[in-house]
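Me: I would like to learn to read this model feature by feature. Can we start with the cysteines and then turn to the sheet?

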Amino acid sequence: MTSRLVLGLAGVTAASTLCLFSSRRVVRHAGIGLVVGTSLGTALAYYNDSHHSIENAPVASLDSLHVQGDHVPVSYRPSFTAMKKRIYEHLSERYEELGQLEIGEEHITVQDHVFAQIGVIDDEGIRNMWRMISLDLKHMLMPASGLVSTQHTQARHNQGVVFCDLGSGVGNVCMQILGETSCNHVVGVEIIPSRHNAAVTAYQNAVKYFPEAYDPLKKKASFYLTDIVGCERMLNQDGVNILFTHSWMFDDVLMGKLGELVQRMPQLQMVITSRPIDPSQLKSTPLTHHKLVHFSADWNEAAPFHVYFKG
C-alpha cells in the first residue's frame, strides 16, 4: 500500500510539473494530466506489489538463521540464493570441474538428440524470467476493458502453471522457480544420468531442509531421465504449459526436434528458447513469436531468448 501511495503521488507530481511548465494554452489540460499521472502510478505500484512477482527478498539475518537451522517465522520464505548451498550439498567440486559429468558418461554427449554443454542462467536472471512469464500471463487474463486482474486471480493462475526446463541439468532453474514463486509444479528433462540424479536429490534436500518453501503437499517437482524425443508423453501427462530451453548450441536437427515437440503439445501457452523455432513448424500451433528478451547468465550478462506466446 505504501509503494502504491508513493508511486501515485509521484505520478501526480510529474503530471503537475509538466502542466506547470507548459504554455498557457495547455494549462486547461492539467486535470487530464493529473488523472493520467495518478493512473500510471497506481498501475506501476500494482505490478510492484502484486503476488505474482518474486517474494520480497529476505533480510540477511533471517537468511543466515535459516541456513544454520535456527528458528525463523513460519511465514518467512528464504531466497533460493540462501537455500541452494544446502539443497546442492551433494555436488562435489570435482563433479563441477568435470562439467557436471561422471566418469563414463562422456559417450552420451555425442548421441543423437543430445546437447550436454552447461549454460546456467543466474539467480536474478531466473527471477526476471519468472516476472516476465507472470506479467505476460496477467495480460492474457486481462479483458479488453483494462487492468482488472487482481492479486488473487493472478496468484491462482500462476499456481496453474506447469513449468518445464528442457535440458534441466541438476535442476537449478526448476528448484528456484518452485521455491521462490507461486508455481506449484515444475518439470525437468535431462539425458545425463548423474545430472538427473543430482536434481532428484536436490528436490529431496529442499523438502528436508526448507519445507515451508517446498511443502510436498503443495509443491511438486518431476524429473525425467530422457531426451527431447522421448519426453512428449510425460510432458503432456503433466500438463506442461510453459516450456523453457537453453537451446543456443542446438544444431538445426535438434532445433527441428524441438519444433516437432512444440507441435505435439497443444496445451502450451508459452515457449522460451535461446534459438528461434522455424516459423514453418509453428503454423499448425496457436503460438506466435512474441518478443526477444535478455536474461543474465554465466555465459552472457544479457543472454537472448525468444518468447513464443499463445494467441
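Me: Why is C183 not bonded to its closest cysteine, C174?

Reply: A disulfide is a covalent bond between two cysteine sulfur atoms. In this predicted model, the sulfur of C183 lies 8.8 Å from that of C174, so the pair is too far apart for a bond. The cut-off is 2.5 Å.

Me: Is C183 buried or exposed?

Reply: C183 is buried, because its relative accessible area is 0% and the limit for buried is under 20%. C174 counts as buried too, also at 0% relative accessibility.

Me: How many disulfides does the structure hold?

Reply: Zero. C174 is in none; its nearest cysteine sulfur belongs to C164, 6.8 Å away.

Me: Now the sheet. What is the strand order?

Reply: Strands of a sheet pair through backbone hydrogen bonds, parallel or antiparallel. Here seven strands form an open sheet, ordered β3-β2-β1-β4-β5-β7-β6, with mixed pairing. β3 (220-225) and β6 (287-295) are the edges; each has a single partner strand, so one side of each lacks a neighbour in the sheet. On average, neighbouring strands are turned by 15° against each other, direction ignored.

Me: Which residues are bridge partners along the sheet?

Reply: Begin at β1 (residues 162-166), which pairs with β4 (residues 242-245) in the parallel sense over three bridges. F163 has I242 of β4 as its bridge partner. β4 and β5 are parallel as well, over four bridges, and I242 partners M270 in β5. Then the sense changes: β5 and β7 (residues 303-310) run antiparallel, joined by four bridges. There, I272 partners V307 in β7.

Me: Which β5 residues are buried, and on which sides?

Reply: In a regular strand, side chains alternate between the two faces of the sheet. Both faces of β5 are covered. M270 and I272 are buried on one side, V271 and T273 on the other.

Me: Where does helix α11 pack?

Reply: Helix α11 (residues 252-263) packs on the sheet and touches β1, β4, β5 (270-273) and β6. Its direction makes about 175° with that of β4. Together β4, α11 and β5 make a right-handed β-α-β unit.

Me: And what does helix α9 lie across?

Reply: Helix α9 (residues 193-209) lies across β2 (185-190) and β3, at about 165° to β3. It has 17 residues and reaches 24 Å between its first and last C-alpha, close to the 24 Å expected. Its buried residues include H196, A199, Y203 and Y209.

Terms used:
Residues are numbered from 1 along each chain as its sequence is written. This is a predicted model: local features need pLDDT of at least 70, side-chain atom pairs count only at pLDDT 80 or more; totals for chains, interfaces and linings use all residues. Side-chain values use heavy atoms; hydrogens and water are left out. Two strands pair if DSSP finds at least two bridges between them. Helices (H or I, at least four residues) and strands (E, at least two) are DSSP runs, numbered from the N terminus. Axes are lines fitted to C-alpha atoms, for helices over the stretch in contact, and angles run from 0 to 180 degrees between N-to-C directions. Contact means heavy atoms within 4.5 Å. Buried means under 20% relative accessible area, exposed over 50%, partly exposed in between (1.4 Å probe, protein chains only). A crossover is right-handed if, with the strands pointing away from the viewer, the path from the first strand over the helix to the second runs clockwise. The expected span of a helix is 1.5 Å times one less than its number of residues.
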